[in-house]
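Please look through the sequence and the coordinates below before reading on. The paragraphs that follow begin with the backbone and then turn to the fold and its interior.

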Amino acid sequence: MANVAVIGAQWGDEGKGKVVDWLASRADIVVRFQGGHNAGHTLVVGNQTYKLSLLPSGVVRGKLGVIGNGVVLDPNALLSEIEKVTAQGLKVGPENLRIAENVPLILPVHPALDRAREAARGEDKIGTTGRGIGPAYEDKVGRRSIRLCDLAEPETLSAKLDELLLHHNSLLRGLGAPEFPKKELLDGLLALAPKLLPYAEPAWELLDAARADGKRVLFEGAQAVMLDVDHGTYPYVTSSNTVAGNAAGGAGIGPDAIGFVLGIAKAYTTRVGSGPFPSELHDDTGKLLGERGREFGTVTGRPRRCGWFDACMVRQAVKVGGINGLVVTKLDVLDGLPELKICTGYKVNGQVMKRLPAAFRAQAAAEPIYETMQGWSDSTRGARSYAELPAEAVKYIRRIEELVEAPVVLLSTSPERDDTIMMRDPFAG
């Protein structure tokens with residue numbers, strides 16, 4: 001049986017939580033391989049709703065969760081999340097959660113710098129969550145990160161903090177923000193060490209052993225392809241590679257172990273924060289999609305911008321993200337709309353394009369080219385087979401498949417885990 005990687009095929013918030021939860025019940029291990037606590041999954045299990053930002057979704061199903069080295073980890077955010085889900089009845093400890101020993105840590109200085117730089121941008125702000133994700137990744141590639149394994153070596157920790165603060169306090173000073181004293185950070189990290197080190201492990205060894213034992217591994221992506229730091233709508237992107245190929249580097253496995261790549265896309269499009277959005281709707285239909293779909297960010301609570309399904313963008317995500325099959329979510333939100341539009345390309349400064357351009361001003365100038373389809377009046381909510389769907393809904397899904405050049409293998413028709421139509425089992429490869 002194949003492993004499965006789940007990634008977003010739009011700008012995030014596609015409903016990955018439900019899909020990952022559905023797949024996690026059939027996996028042995030669930031691995032987070034990138035991002036930080038700027039991503040969020042909402043899982044509905046019975047009468048409980050879990051909002052996870054760092055914990056792999058598998059812990060809700062009693063599976064082993066692994067936080068890979070490609071994540072940037074805020075220790076206090078993790079411990080707070082563990083405390084919160086424990087109060088909801090879940091048991092999370094070193095026996096069912098392992099953290100890569102080489103994972104970089106987010107320190108209090110990182111969100112402080114994040115917020116100071118965003119404030120300095122004024123009207124040109126990127127829309128960052130202000131949680132320090134970007135500065136933490138900068139430290140990683142700048143080779144000055146404090147990593148989980150450093151907590152076991154106080155002398156190493158002290159020396160690395162000197163270098164880190166030389167960099168960050170200079171920036172904070174230039175931005176007119178308060179600087180951080182070393183003792184405050186060092187004492188905080190030393191206090192966290194006994195709480196975090198029991199979770200530390202060479203994750204690559206754990207995953208290699210799991211592969212040898214024939215266990216199923218689910219790789220859980222955060223954000224989405226169009227927020228990828230290389231392939232997304234730069235600079236309005238996240239600070240990591242969100243494509244499936246990064247599951248290898250971010251977990252410590254070979255690329256051949258990633259398995260079947262499942263891309264998640266809503267039946268329409270949403271985006272949080274700033275950045276280009278060619279198919280965005282500023283009318284009553286856009287407002288209706290937001291209200292029906294309850295479009296508010298899991299982490300930030302910010303309202304999401306809404307628009308028609310952008311097949312041109314999702315096709316691009318399929319190609320660069322390595323997506324083998326799509327999951328389409330929230331089909332029921334479109335119920336009752338007399339007509340639907342699908343973006344099939346863009347007009348950029350008079351030129352027709354079948355891809356979203358990379359250049360900043362060209363992205364901003366992109367105007368959608370639409371194809372119109374007939375809507376449906378019957379409800380799709382809760383459908384669990386294609387036979388239960390209106391004919392127009394089936395035609396809509398089939399047209400999406402043609403335009404994005406990938407099959408729809410799963411269809412979600414409500415937030416409930418079992419309201420899912422499966423055309424192909426991703427774990428079958």
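In which loop is proline 235 found? In this model, which is predicted, proline 235 is found in the loop between strand 8 (217–220) and helix 8 (246–251), and the peptide bond that leads into proline 235 from tyrosine 234 is cis, with omega near 10°. Most peptide bonds are trans, and most residues other than glycine have a negative phi.

Two arginines belong to the same discussion of the backbone. Arginine 143, although it is not a glycine, has a positive phi of about 60°, and this residue lies in the loop between helix 4 (133–141) and helix 5 (154–174). Because the cut-off for exposed is over 50% relative accessible area, arginine 143, at 75% relative accessibility, counts as exposed. Arginine 294 likewise is not a glycine and has a positive phi, here of about 50°; arginine 294 is found in the loop between helix 9 (284–292) and strand 11 (305–307), and with a relative accessible area of 70% it is exposed.

Turning to the fold as a whole, the secondary structure of the protein chain comes to 12 helices and 18 strands. The radius of gyration of the chain is 22 Å, close to the 22 Å that the globule rule gives for 429 residues, so the chain is as compact as a globular protein of that length. Along its principal axes, the C-alpha trace spans about 65 × 50 × 40 Å. Of the contacts in the chain with a separation of 6 or more, 75% are accounted for by residues 24 or more positions apart. Buried residues make up 57% of the 429 residues, while the chain exposes about 17300 Å², of which carbon and sulfur atoms supply 50%.

The interior can be considered next. In soluble globular proteins, nonpolar side chains tend to be buried together. Here the largest nonpolar core has 74 residues, and those with the most contacts inside it are Phe219, Phe309, Leu326, Leu331, Leu334, Leu389 and Tyr396. Helix 12 (residues 391–404) contributes the largest share of this core, namely seven residues. Apart from this core lies another, of 40 residues, among them Leu43, Leu52, Ile146 and Ala193. Leucine 326 gives a view of the surroundings of one core residue: not counting residues up to four places away in sequence, leucine 326 touches a set of residues that includes Ala9, Gly263, Ala265, Val314, Ile400, Val404 and Leu410.

Aromatic side chains supply a further kind of detail. The structure holds three aromatic pairs, and, in addition, arginine 216 lies over the face of phenylalanine 427, at 4.9 Å from the ring centre.

Finally, two residues allow positions along the chain to be set beside positions in space. Glycine 254 lies in the loop between helix 8 and strand 9 (260–266) and, at 28% relative accessibility, counts as partly exposed; its C-alpha atom and that of tryptophan 204, 50 residues apart along the chain, are separated by 9.7 Å. Aspartate 425 is found in the segment after strand 18 (420–422), and is buried, with a relative accessible area of 18%. The C-alpha atoms of aspartate 425 and glutamate 123, 302 residues apart along the chain, are separated by 46 Å.

Key: Residues numbered from 1 in each chain as written. Predicted model: local features only at pLDDT ≥ 70, side-chain atom pairs only at ≥ 80, totals over all residues. Heavy atoms only, no water. Phe/Tyr/Trp six-rings, centres within 6.5 Å; stacked < 30°, edge-to-face > 60°. Lys NZ or Arg CZ within 6 Å of the ring centre and 35° of its normal. Helix = DSSP H or I, 4+ residues; strand = E, 2+ residues; numbered from the N terminus. Rg over C-alpha atoms; globule rule 2.2 N^0.38 Å. Buried < 20%, exposed > 50% of the residue type's maximum accessible area, 1.4 Å probe, protein only. Contact = heavy atoms within 4.5 Å. Areas by Shrake-Rupley, 256 points an atom, 1.4 Å probe, with all protein chains shown as cover. Core = buried A, V, L, I, M, F, W, Y, C linked by side-chain atoms within 4.5 Å.
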